[in-house]
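Subject: Handover of a structure and its findings

Dear colleague,

Please find below the structure that I am handing over to you. My findings follow it.

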Amino acid sequence: MNDLLNYYCVSVEFPQTSGAEHLEMLQMRDRVAEIESILTDEEKSLLANADRKLIANATQFYQELSRFINLAERRQNEKITPEYWWWYLDVLTFLPISLNQDSLIKDIEYSQ
């Protein structure tokens with residue numbers, strides 16, 4: 001498995017760790033996004049599963065992240081688009097749980 005993807009997959013397993021580590025995880029997800037097109041089908045499946053875990057635990061991740069950064073300010077300053085949805089964990093936490101876990105998780109598909 002790709003090292004970047006492996007790091008991200010492991011990171012989403014631990015929503016209780018520090019916000020500083022979550023920030024690294026989001027930055028790693030940026031790097032994974034850059035190589036998504038060359039991931040194997042198996043790696044794309046692993047990525048989709050990891051993304052589902054991130055969405056399912058968005059509130060926990062956001063709570064820790066908010067101790068270190070303001071996601072809204074970061075998005076504005078760095079002009080982060082919704083395509084990089086993982087930088088919108090603060091927004092995801094305000095969605096009704098049915099939308100957050102049912103609709104969004106089902107919408108995450110990675111195909112060639």
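The crossing of H1 and H2 is left-handed. In this predicted model, helix H1 covers residues 3-11 and helix H2 covers residues 19-35. Their axes lie 9 Å apart, and the two helices pack at an angle of about 140 degrees. H1 is therefore oblique to H2, because an angle counts as roughly antiparallel over 145 degrees. On the H1 side, the residues in this contact are Leu 4, Leu 5, Tyr 7, Tyr 8 and Ser 11. On the H2 side, they meet Glu 24, Met 25, Met 28, Arg 29, Arg 31, Val 32 and Ile 35. By class, the contact of H1 with H2 comprises eight nonpolar residues, one polar residue and three charged residues.

H1 also packs against H3, at an angle of about 30 degrees and with the axes 9 Å apart. H1 is therefore roughly parallel to H3, because angles under 35 degrees count as such. The crossing of H1 past H3 is left-handed. From H1, the contact draws on Leu 5, Tyr 8 and Cys 9. Their partners in H3 are Glu 43, Leu 46, Leu 47, Ala 50, Asp 51 and Leu 54. Seven nonpolar and two charged residues make up the contact of H1 with H3, with no polar residue.

Tyr 8 appears in the contact of H1 with H2 and in that of H1 with H3. If residues up to four places away in sequence are not counted, Tyr 8 touches Met 25, Met 28, Arg 29, Val 32, Leu 47, Ala 50, Asp 51 and Leu 54.

Tyr 8 is also part of the largest nonpolar core, which has 28 residues. The residues with the most contacts inside this core are Tyr 8, Leu 26, Leu 54, Trp 87 and Leu 89. Two or more core residues come from each of H1, H2, helix H3 (41-56), helix H4 (58-65) and H6. H2 gives the most to the core, with six residues.

As to the protein overall, the secondary structure consists of seven helices and zero strands. Along the sequence, the pattern reads α-α-α-α-α-α-α. Of the 112 residues in the protein, 41% are buried. Among contacts with a separation of 6 or more, 70% are between residues 24 or more positions apart.

Two individual residues may also be of interest to you. The first is Lys 79, for which phi is near 55 degrees, a positive value in a residue other than glycine. Most residues other than glycine have a negative phi. Lys 79 is placed in the loop between helix H5 (71-78) and helix H6 (89-92). Is Lys 79 buried or exposed? With a relative accessible area of 68%, Lys 79 is exposed, because exposed residues are those over 50%.

The second is Asn 49, which lies in helix H3. The relative accessible area of Asn 49 is 35%, so this residue is partly exposed. Asn 49 and Val 12 are separated by 37 residues in sequence, while their C-alpha atoms are 9.7 Å apart in space.

Yours sincerely

Key
Residues are numbered from 1 along each chain as its sequence is written. This is a predicted model: local features need pLDDT of at least 70, side-chain atom pairs count only at pLDDT 80 or more; totals for chains, interfaces and linings use all residues. Side-chain values use heavy atoms; hydrogens and water are left out. Axes are lines fitted to C-alpha atoms, for helices over the stretch in contact, and angles run from 0 to 180 degrees between N-to-C directions. Helices (H or I, at least four residues) and strands (E, at least two) are DSSP runs, numbered from the N terminus. Angles under 35 degrees count as roughly parallel, over 145 as roughly antiparallel, 65 to 115 as roughly perpendicular and the rest as oblique. A crossing is left-handed if the near helix is turned anticlockwise from the far one by less than a right angle, and right-handed if clockwise. Contact means heavy atoms within 4.5 Å. Ala, Val, Leu, Ile, Met, Phe, Trp, Tyr, Cys and Pro count as nonpolar, Asp, Glu, Lys and Arg as charged, and the others, Gly among them, as polar. Buried means under 20% relative accessible area, exposed over 50%, partly exposed in between (1.4 Å probe, protein chains only). A nonpolar core is a set of buried Ala, Val, Leu, Ile, Met, Phe, Trp, Tyr and Cys residues joined through side-chain atoms within 4.5 Å.
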